[in-house]
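The exercises below ask you to work from the coordinates towards a reasoned description, one step at a time. Please look through the sequence and the model before reading the solutions.

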Amino acid sequence: MKRLSSLKAVVVLLSLTLSGAVMAQQSGPNTSHKTQVNAGTKMKVKGVIIKRDDSSFFLRDQTGSELTVRLAANTKLEEKKGNPFRGGKKYTMAQVTRGLTVEVEGRGDASGDLVADKIKFSDDDLKVAVSIDSQVVPLENRFVTAENRMTRTEQNAERLSGQLEELGQVANLAKGGAAAAQDTADAAVEGVNKTNDRISSLDDYEVKKSSTINFKVASAVLSPEAKTMLDDLATQAKNERGFVIEVRGFASADGSENRNRQLSQRRSDAIVRYLAETHDIPLRRIILPYGYGEAMPIADNATREGRMENRRAEVKILVSRGIGSSVNVNRPVSSTRE
């Protein structure tokens, strides 16, 4: 009887564990702050579109705050031009997509949202946004697949629960039946736990390779040495399963902050273009390339040698642990820096 009580406890614990995993998969953390705009208040804000529907979009600024921007029939779209002597390009509302960096001017409405009078963005930012949108859809599909797998695991757990009850009844009829039922339950629980660990690790990435590409002053041109490093990285990436590539551009403190931010973005874009055009790496495999400007220096900008190190881009191959042939969620992340 003591073993049968333990058997039922295992079933209840298994059910609670799987239910909690499903809720965590569906909810997920949310650390963003929602900004409210007073009705009639003028506001000008700059940020990145993180979600878009027919009549509005969600904007996240550099502080992480989010704001709902509503589109009106009289909302104007303008190009941020680098050359003031040429005419501005014409855009449509369909081109206002997620991943696009925009400046919005407007007034607050009764619901606390910002009704846009004018939206401005550059043509370069639009090209980057198109690349982002092509990558987000595959990533979203991956999470949906993981959630569907979790649902199937929960259904298997319910069937397992019924099987365990039948084993408990058999144990009452035959000597030693309870011990056999316990052994079977332990094996079944171990199998379910392994499956649950694999699902949980789908979004747990391991750094397989990390390379640092250096640039000359005010340049975003890849040197022959940089191209060789990218050739090696692309070759290894093609031999990995479930890989993505992360590209981050940086700059030294020479020049203005805004110029360095643009320069670091051009550096990351140059790497993405080389990987896509030279090695046919699909854009869906490349995480949104981003230029951090002077942020996150790895050396002292007060010295010549330090500034040389900070004029760089970092490229990493990331591989999902859950897609590999074996999963060890306690294994530490390794990183190789060249």
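**Exercise 1.** In this predicted model, find which backbone oxygen the side chain of Arg 312 reaches, and decide whether Arg 312 is buried or exposed.

*Solution.* The side chain of Arg 312 reaches the backbone oxygen of Met 296 at 2.8 Å. Arg 312 is placed in strand E11, and, leaving aside neighbours within four places in sequence, its contacts include Ile 213, Phe 215, Arg 267 and Pro 297. Because its relative accessible area is 1%, and buried means under 20%, Arg 312 is buried.

**Exercise 2.** Determine where in the chain the partners of the salt bridge between Glu 103 and Lys 80 lie, and classify the accessibility of each.

*Solution.* The two side chains meet at 3.1 Å, N to O. Glu 103 belongs to strand E6, whereas Lys 80 sits in the loop between strand E5 and E6, so that the pair, 23 residues apart, links distant parts of the chain. Glu 103 is buried, at 17% relative accessible area, while Lys 80, at 31%, counts as partly exposed.

**Exercise 3.** Carry out the analysis for the salt bridge between Glu 277 and Arg 273.

*Solution.* The closest N and O atoms of Glu 277 and Arg 273 are 2.9 Å apart. Both residues lie in helix H5, four residues apart, which is about one turn of the helix. With a relative accessibility of 57%, Glu 277 counts as exposed, and Arg 273, at 53%, counts as exposed.

Key
Residues numbered from 1 in each chain as written. Predicted model: local features only at pLDDT ≥ 70, side-chain atom pairs only at ≥ 80, totals over all residues. Heavy atoms only, no water. Helix = DSSP H or I, 4+ residues; strand = E, 2+ residues; numbered from the N terminus. Buried < 20%, exposed > 50% of the residue type's maximum accessible area, 1.4 Å probe, protein only. Polar contact = N/O pair within 3.5 Å; in protein donor to acceptor, adjacent residues only side chain to side chain. Contact = heavy atoms within 4.5 Å. Salt bridge = Lys/Arg side-chain N within 4 Å of Asp/Glu carboxyl O.
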